[in-house]
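Here's a quick briefing to read alongside the model. Have the sequence and the 3D view open as you go.

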Amino acid sequence: MSVGAVVAIYFVVWWITLFAVLPWGVRAQGDAPERVPGTDPGAPARPGLGRKMLATTVLAAVVTGGLVYLLTSGAVTLDDLPMPFETKGG
């Protein structure tokens, strides 16, 4: 597997993981003791984006490593995956 393919897989996995990690530990300003004037009550009080980006990076690296292992080890091949519109015969 080429380095470019691994980087592309990591990029896609990183973005998917980011959207999964974003809701972790979110507390709305409406629920917090202090609220910044002029902001929506549903806006996060402390988004913690640095921690979330770090968690995203680590999780994406683990998931990408697992995917690369599965694809390069031969444990899973394209023939193992069901193809819904596969034609039989010539």
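In this predicted model, the buried residues of α1 are Val 13, Trp 14, Thr 17, Leu 18 and Val 21. They sit on the same side of α1, because the arc they cover around the axis is only 145°. That fits the general pattern: an α-helix has 3.6 residues a turn, so residues three or four places apart point the same way.

**Helix α1: cover and length**
- Part of what covers the buried residues of α1 is α2, residues 49–73.
- α1 has 19 residues, so at 1.5 Å a residue it should span 27 Å, and the 26 Å between its end C-alpha atoms agrees with that.

**The other face of α1**
- Turn away from the buried side of α1 and you find the exposed residues Phe 11, Ile 16 and Phe 19.
- Those three also belong to a nonpolar surface patch of about 560 Å², made by Phe 11, Val 12, Trp 15, Ile 16 and Phe 19.
- Val 12, one of the patch residues, lies in α1, which runs over residues 3–21.
- Is Val 12 exposed, partly exposed or buried? Its relative accessibility is 46%, so Val 12 counts as partly exposed; the cut-off for exposed is over 50%.

**The loop between α1 and α2**
- Glu 34 has its place in the loop that links α1 and α2.
- With a relative accessibility of 67%, Glu 34 counts as exposed.
- Glu 34 and Ala 45 are 11 residues apart in sequence, and their C-alpha atoms are 8.3 Å apart in space.

Technical notes
Residues numbered from 1 in each chain as written. Predicted model: local features only at pLDDT ≥ 70, side-chain atom pairs only at ≥ 80, totals over all residues. Heavy atoms only, no water. Patch = residues over 30% accessible without salt bridge, like charges linked within 9 Å, V, L, I, M, F, W, Y side chains within 5 Å. Areas by Shrake-Rupley, 256 points an atom, 1.4 Å probe, with all protein chains shown as cover. Salt bridge = Lys/Arg side-chain N within 4 Å of Asp/Glu carboxyl O. Helix = DSSP H or I, 4+ residues; strand = E, 2+ residues; numbered from the N terminus. Buried < 20%, exposed > 50% of the residue type's maximum accessible area, 1.4 Å probe, protein only. Expected span 1.5 Å × (residues − 1). Arc of directions from axis to C-beta. Contact = heavy atoms within 4.5 Å.
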